[in-house]
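The following questions and answers examine a protein model, beginning with how its chains meet.

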Amino acid sequence: MKVSLNELQAVCRKAFLGMGFTESHAEDAADMVAWMQSHGLDGLTALSEGLECVKASALQARPEILYEDADLAVVNGQQLSVLASGNLAMELAFAKARARGLSVIKIRHCRQRQLIMGYVCRLADRGMNVTAFWRHAQSPLTEQVVGFRARSNVPFIRVYQLDEAPEENEANDGITIMMANHVDLLPTMRSEHEYALLARHDESDLLAAHRQALEEGILVLPEVWQQLKTLAGHTLVEASSTSRAGAGPAD
Amino acid sequence: MTLSSGPVTDKTLSLRPAAVVMELERLGSFSPTRLSFARRLTRLMYQSRWQISCVAFDLDEGGYGSAIYRLETAAKRYHIVVFSRHIADEQRTDRVIADTWDLTFGLVEGEVDDALLASLEANMPLQEAGRQHPRLLVLSRANRSVRNFDAFVAALCAGEQPDVACLLEAGYLYRTTAVYGNGKFGIADYDRLRTGADFYQPFSPQMTAVYVLREFSVAQVEHIARHKNAAAAVELDSGLRRYLGIGNSTGLGMAPFLINHPQLINHWVYAREQALAVASGQSPSEEHRIHMVRLCRRAMAYFAEMRVEDSAQSERNIVVYEELDQIVAWLEQVPLEPSLWRQLMDWAETSLSLETQELINTLLIECYPDEVDALEELMSVEEKLDLTPDMPLVQLKQLLETHFDWAIEADFEAAEARYWFWYQSAEKEEPRLGVRGEEAGEEKELALAIAPRAQRVYHAITDFLVDHPRALTIDLLLAHPEHMKAVRRIQTMVATAFGEIRANLWHRDMKPMHLLRTKLSFLGAHRFDPRGDRWVRVTFFQGAPVLSDFDDADADPALFDDWSFPIAPKQQRGLEPR
């Protein structure tokens with residue numbers, strides 16, 4: 001089935017509220033998922049496949065800060081979805097970059113990392129250059145880098161596989177984000193190691209995907225839609241004779 | 001605030017303060033102005049030479065079937081598709097929980113081929129229960145005013161014109177009960193239109209669809225009359241044709257829009273206030289004074305003719321009529337001084353009712369089209385409530401004290417002050433009001449009351465600063481993430497000219513009707529006919545030019561622009577408001 005972007009945002013927001021997210025976190029999470037979906041990046045699959053993790057994340061709106069100074073912060077993602085407190089972690093880094101010109105934040109042990117793009121786009125829109133980096137798998141080693149230029153709401157995305165993994169190749173289930181107030185941080189592929197480019201999305205591809213989503217609607221699996229509607233239903237109050245009294249003049 | 005389309009704004013003008021303008025009761029006294037979306041539409045249609053024609057009219061003798069109208073603009077082609085179905089009288093209801101209507105209709109971008117028409121026919125009559133097409137820009141439905149509809153058909157098929165008196169209580173043949181845009185039920189997102197040439201203004205596609213429905217309503221009654229009595233049937237007189245509008249029945253569903261789009265509402269109010277400042281700052285000529293008197297007299301005639309069921313609104317209309325009479329006498333006697341309009345506004349503010357004050361403002365704006373019409377470009381805005389996480393908390397506290405003093409000083413603990421709660425009913429997901437402590441659903445309250453939230457943020461900041469005097473906004477939010485939504489809104493809205501609507505939406509005395517009328521006035525609705533506090537009937541496009549007027553090369557240009565406060569053709573003079 002096809003839905004509109006506005007409809008997707010609205011249903012996701014209510015679904016997150018239904019899971020117990022705070023209002024701002026529900027709105028942000030909905031925007032993150034809808035942004036991904038409307039740019040052809042399949043945010044709904046990420047959400048649906050990790051739904052139990054997202055539900056478990058609902059009450060964890062506050063990021064746990066492990067280390068912080070004027071330029072850096074390290075946050076414990078507690079094996080929860082980035083939808084839980086990724087927004088506040090990003091805002092913390094944004095504030096530091098505004099004050100210091102450049103900041104780095106590491107969110108350790110987090111899930112559904114690709115959804116962070118849906119929030120980073122907001123920071124880019126507010127004038128920040130942002131690059132996010134994470135590893136998908138250890139063997140073979142794959143990495144993803146996403147770069148937003150300031151005032152652009154679509155990124156460059158590169159996903160690649162390193163054939164020769166570095167010696168120090170510990171599990172890394174975190175995400176590292178750099179923000180710079182005045183300097184482009186766009187990724188340029190250079191490595192001494194052999195790598196194979198697995199996926200590449202340029203700004204123009206993503207803009208075209210977004211345009212298509214607005215023109216043709218967004219394809220959604222009916223079962224996923226129903227899942228969201230069921231969760232959203234938790235925010236609604238059952239109809240009664242009193243509630244019907246507010247539904248218009250008596251006939 | 002950022003007003004990028006600002007060559008028409010003059011920051012040296014003295015605007016009325018937000019504390020005056022944004023009071024809910026005053027907003028709820030607004031009348032439509034020439035900047036309202038319905039007025040703008042007919043100007044745009046005339047200036048841009050939009051072409052609208054009927055390309056299919058497949059109705060049976062009872063008026064049931066479908067019709068398609070084509071709209072050609074310089075940029076694109078659109079179609080308005082109407083489905084007319086027979087429904088039993090007992091099924092006809094304005095209640096939002098209805099599931100069948102006399103008409104369903106929509107505005108489609110591009111061509112309508114057989115496949116799309118079949119899809120529309122299968123889904124459009126279902127409205128909210130259907131899955132609508134992404135090229136559908138507007139989805140709506142309407143019910144007949146049975147009395148008017150039958151009276152019009154009976155008169156026309158007898159070769160007579162209907163009695164205009166029947167339009168004084170309801171100035172339409174059809175009444176819409178919802179006009180959906182912006183992605184509802186699968187239709188196109190407003191974002192898709194925002195950068196286009198034709199419908200970048202909010203509600204412009206909805207107004208277009210409703211305008212074309214008005215044409216259809218006349219074509220349909222004429223069609224039925226012809227089938228009933230081909231030999232005698234006549235067409236509707238042009239004066240009556242123009243005096244017919246389209247009704248709208250609106251309830252609580254409209255209220256959250258005003259709260260959930262604060263930047264847009266700020267822009268609407270800003271444009272209106274800027275227009276008022278421009279108009280009232282003019283040194284009037286004798287022609288302007290005569291024009292103002294003429295407008296006042298027309299408004300008096302309009303109020304004299306209006307019949308509304310609500311006794312309180314009826315009383316207010318009588319007061320407006322009497323006060324307009326005083327204003328006319330005053331205008332005709334006082335010397336023509338450069339400050340005449342300011343004198344009028346000052347007098348109104350101290351001595352006349354709110355409705356009359358705002359009506360005068362509407363009429364003053366009407367007097368200066370050349371000076372104010374460009375302000376219509378301010379009526380749209382890209383809405384973004386952004387956080388400023390690096391704002392020092394002491395600054396945020398100060399901004400709250402400056403711009404939200406009305407909220408942080410209010411008492412939200414008294415039983416009267418927290419009487420209502422807003423919730424969303426499972427039935428069509430429509431908003432409702434419940435009595436706190438008495439009705440079910442309080443735990444699922446919609447966060448529409450901004451004032452108590454601003455106050456809670458203020459208290460949280462005050463407490464936090466005790467131990468963290470140099471803290472930033474992000475520090476507060478890391479400790480209290482529950483305030484993030486309110487802080488975003490506060491930081492955004494303090495930078496705007498008019499900010500928030502100043503009301504406690506929990507208060508027992510709060511009247512949702514004021515919220516509805518605020519929005520309806522900007523849309524361009526006339527004839528406010530409240531049905532209690534939560535429901536209102538209004539009329540759109542009454543007095544507006546009809547399609548054939550646009551084809552008339554000799555038509556007076558004023559016909560396309562100057563049609564506010566419509567009065568009945570061949571009206572009887574000397575009527576007093578009932």
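Q: How many residues of chain B are in contact with chain A?
A: The model is a predicted one, in which local features need pLDDT of at least 70, side-chain atom pairs count only at pLDDT 80 or more, and totals for chains, interfaces and linings use all residues. Residues are numbered from 1 along each chain as its sequence is written, chains are lettered from A and ligands numbered from 1 in the order in which they are written, and side-chain values use heavy atoms, with hydrogens and water left out. With contact taken as heavy atoms within 4.5 Å, 49 residues of chain A are met by a set from chain B that numbers 46 residues.

Q: Which residues of chain B lose the most area to chain A?
A: Buried area is the accessible area (1.4 Å probe) that two parts lose on being put together, summed over both. The two chains bury about 4200 Å² between them, with 53% of it on carbon and sulfur atoms. Together 15% of what the side of chain B buries falls to the three residues that lose the most: B:Arg95, B:Arg131 and B:Leu478.

Q: Which helix of chain B supplies the largest share of the side that touches chain A?
A: The rule finds 25 residue pairs in polar contact across the interface, both residues at pLDDT 80 or more; such a contact is a pair of N or O atoms within 3.5 Å, where within protein one must be able to donate a hydrogen and the other to accept it, and residues adjacent in sequence count only if both atoms are side-chain atoms. Helix 6 (190-194), strand 8 (420-424), helix 19 (473-479) and helix 20 (484-493) of chain B each supply at least two residues of the touching side; helices (H or I, at least four residues) and strands (E, at least two) are DSSP runs, numbered from the N terminus. The largest share, four residues, comes from helix 19 of chain B.

Q: What is the separation of the closest N and O atoms in the salt bridge of A:Glu27 with B:Lys485?
A: A salt bridge is a side-chain nitrogen of Lys or Arg within 4 Å of a carboxyl oxygen of Asp or Glu. The count between chain B and chain A is nine, and the structure holds 60 over all chains. In the pair A:Glu27 and B:Lys485, the closest N and O atoms are separated by 2.4 Å.

Q: Why does the pair of B:Glu429 and A:Lys14 join two chains?
A: The salt bridge between B:Glu429 and A:Lys14 has its closest N and O atoms 2.9 Å apart. B:Glu429 lies in the loop between strand 8 and strand 9 (431-435) of chain B, so the pair joins two chains, its other member A:Lys14 lying in helix 1 (residues 5-19) of chain A.

Q: Which strands stand at the edges of the nine-strand sheet of chain B?
A: Strands pair if DSSP finds at least two bridges between them. The open sheet has the order 1-2-3-4-5-6-7-11-10, with mixed pairing. Each edge strand has a single partner strand, so one side of each is left without a neighbour in the sheet; the two are strand 1 (51-59) and strand 10 (526-530) of chain B.

Q: What is the bridge partner of B:Ala67 in strand 3 of chain B?
A: Strand 2 (residues 65-72) and strand 3 (residues 77-84) of chain B run antiparallel and are joined by eight bridges. In strand 3, the partner of B:Ala67 is B:Val82.

Q: Which residue of strand 3 of chain A stands opposite A:Glu64?
A: Chain A has an open sheet of eight strands in the order 2-3-4-8-5-6-7-9, with mixed pairing. Strand 2 of chain A and strand 3 (residues 72-81) of chain A pair in the antiparallel sense over four bridges. Opposite A:Glu64 stands A:Asn76.
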